[in-house]
Each structure stands twice: as structure tokens, then as C-alpha cells.
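Welcome, and thanks for opening the viewer. Here is a short tour, stop by stop, with something to select at each one.

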Amino acid sequence: MFAIPATHARTITLSTGEWPPYFDSSLDNHGLLAQIISEAYGNVGISVDYSFLPWSRALSMAHHGNYDGSAAWSCTPSRSDDFHFSQPILPLYYVFFVRKGSQFHWQEIDDIKGLTIGLTQDYAYGDQLTSAVDRGLVSTDMTASDESNFRKLRAGRIDLFPMDPLTGLQMIDQLFSEAEARQLTYHPRPIHQASYHLIFSRQQDNGGELARQFNQGLETLRVSGRLDEILDSQLGESPMWHALGPLLTTEPRQSRCGIGDARTAGHNSEPGR
């Protein structure tokens with residue numbers, strides 16, 4: 001009942017970046033999140049083209065209206081000032097990647113005192129880590145790419161690197177030899193949890209409408225069971241599916257971003273990329 005006649009179909013363009021398995025320019029469907037977004041929009045008669053860029057550029061160009069929107073980002077106060085947010089699409093989990101044999105373990109944020117953490121430009125890492133940095137609890141090493149941070153971690157130039165575990169493990173396999181990849185692992189305790197959203201510049205007149213149309217199509221995916229089918233078909237063979245599958249198939253927590261105007265409703269910051 002949500003379908004729009006094919007004669008009214010149109011195409012929008014979203015900026016994004018490499019974030020396998022969620023966004024991957026080498027795949028026909030462009031990755032897990034890209035497929036979800038495309039099928040959700042397809043439910044309301046809209047097709048999607050993706051433009052793969054460095055993440056900072058993807059965000060900046062979407063903000064200035066060079067693209068209809070950008071995929072996919074977590075909700076932060078500064079971003080909600082500039083963008084309309086869709087409803088949450090999937091949960092986002094970040095963990096600390098470490099070198100094997102480092103004996104790293106943490107329960108409270110103070111447990112990481114004195115360590116050096118690699119960060120990637122324009123990512124939002126959440127209140128816990130931000131507080132640790134502001135208090136001088138840890139040292140930081142900022143770079144422009146996740147690949148650089150993983151290379152620094154393996155070389156011992158940083159102690160920790162916060163990253164989505166699915167993306168991190170896939171990136172490690174792509175960057176390093178099998179022997180080198182075995183030198184890296186992650187601590188299972190999340191440093192933060194958030195949600196992936198589509199974002200649409202407030203400088204564009206149709207940003208709010210594009211968010212509403214996506215929300216409508218996404219709800220159809222959830223209710224029909226198609227969203228669970230996509231997750232299982234894309235991740236069912238992955239070893240990580242056994243650990244993260246139940247988390248991803250759980251509807252992400254609600255956020256004030258995506259439920260109204262966060263600038264007036266109050267901020268519920270969701271740390272993440």
C-alpha cells in the first residue's frame with residue numbers, strides 16, 4: 001500500500017564512503033546498508049545512485065547540497081544542526097582493536113589511562129572516549145583514514161583503535177597478509193553504541209521529505225520481514241554473524257535525531273562515524 005506508481009519513480013544520489021560490509025563500491029549492491037537503503041527507497045518508487053568519496057568529503061558535499069543526502073552517519077548535536085536525519089537503520093557498535101598479546105582488558109574508561117588511541121578525522125567517538133581525551137587520560141593520534149590507524153596499530157605506534165568490529169575485521173583481512181592479520185584482535189566490550197542514519201542537508205528544500213519517504217520505505221522492509229532476509233543473506237556465512245547477528249536484527253534504539261527537529265526537541269547524542 002506504500003508503493004508509488006512506476007511512472008512517478010525518480011533517482012536520488014547519496015554520497016558515501018568505503019565501509020565494508022556496509023558500503024562497498026566493488027559489489028553490485030554496494031554493500032549491506034546500501035542494499036537496505038536502496039530497497040527501502042524502492043518501496044516508495046525512488047531509486048538510488050551512490051557516489052563513493054573520502055568520508056570527510058562525503059559529509060561536506062552533502063552539507064552543501066552537492067548530493068541529495070549521505071549514508072550513513074550517527075546522530076551528534078553538531079550534525080543535527082546541519083542535517084535532517086532518517087529513522088535509525090541499523091545499530092552501530094564500536095570496540096577497541098588491539099594487538100594480540102597486549103593483555104588489554106577494560107571495564108571502566110579509567111582502565112585505558114596512559115594508552116595512545118588512534119582516531120580518524122571527522123568521526124564521532126562518544127562521550128566516554130571524549131571525556132577521557134578531555135581529561136588527559138589518554139593520548140590521541142589523529143589520521144585521515146582507518147587504514148592508517150590499523151597500520152599504526154600493527155606497528156605498535158598506537159595501543160588502541162575504536163572501530164565497528166564487522167568493518168574492522170574485513171579491513172584487516174584486506175590490508176594485511178594472513179600472518180599479519182593474526183597479530184590484531186579486538187576486545188568485545190563496546191566502547192559505545194549508536195545507530196546508522198541517512199542524513200539530508202537543511203540547506204535543501206526537500207531534505208525533510210526525503211527523510212520521511214525513506215522512513216516509510218524502511219518501515220515496510222521491517223514489517224514485511226525483508227530486512228531480516230537481507231541481513232541473513234549478506235552476513236549469514238560470516239563468523240561474526242553468530243556474535244553480532246542478534247544485535248543487528250534487533251531494531252536500533254530510538255534517537256531524537258530522526259523523530260523531529262533535534263534543534264528544538266533537545267539532543268540525544270549518538271556517537272559513531
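Before the first selection, one term: a nonpolar core here is a set of buried Ala, Val, Leu, Ile, Met, Phe, Trp, Tyr and Cys residues joined through side-chain atoms within 4.5 Å. Keep in mind that you are looking at a predicted model.

Start with the whole chain as a cartoon. You should be able to trace 11 helices and 10 strands. Of its 273 residues, 50% count as buried. Turn on a surface next: about 12300 Å² is exposed, with 46% of that supplied by carbon and sulfur atoms.

Now go inside. In soluble globular proteins, nonpolar side chains tend to be buried together. Select Phe 23, Ile 36, Ile 37, Tyr 41, Ile 112 and Phe 150, which touch the most other members of the 73-residue largest nonpolar core. Then colour helix H1, residues 32-42, since no element gives more to this core; its share is seven residues.

Which residues does Ile 37 touch, leaving aside those up to four places away in sequence? Show Leu 14, Phe 23, Tyr 50, Ala 71, Ile 89, Leu 198 and Phe 214 around Ile 37 to see them. For the chain as a whole, 76% of the contacts between residues at least 6 apart in sequence join residues at least 24 apart.

Last stop: the second largest pocket, with about 210 Å³ of space. Helix H2 (55-63) and helix H5 (146-155) each give two or more residues to its lining. Select Pro 54, Trp 55, Tyr 123, Ala 144 and Ser 145, which lie nearest the pocket's centre among 14 lining residues. Colour the lining by type and you will find six nonpolar, five polar and three charged residues.

Conventions:
Residues numbered from 1 in each chain as written. Predicted model: local features only at pLDDT ≥ 70, side-chain atom pairs only at ≥ 80, totals over all residues. Heavy atoms only, no water. Buried < 20%, exposed > 50% of the residue type's maximum accessible area, 1.4 Å probe, protein only. Helix = DSSP H or I, 4+ residues; strand = E, 2+ residues; numbered from the N terminus. Contact = heavy atoms within 4.5 Å. Areas by Shrake-Rupley, 256 points an atom, 1.4 Å probe, with all protein chains shown as cover. 1 Å grid on protein atoms, 1.4 Å probe; cavity = no way out; pocket = protein on both sides within 12 Å on 5 of 7 lines; lining within 4 Å. Points joined across faces, edges and corners; volume = space filled by probe spheres on them. Nonpolar A, V, L, I, M, F, W, Y, C, P; charged D, E, K, R; others polar.
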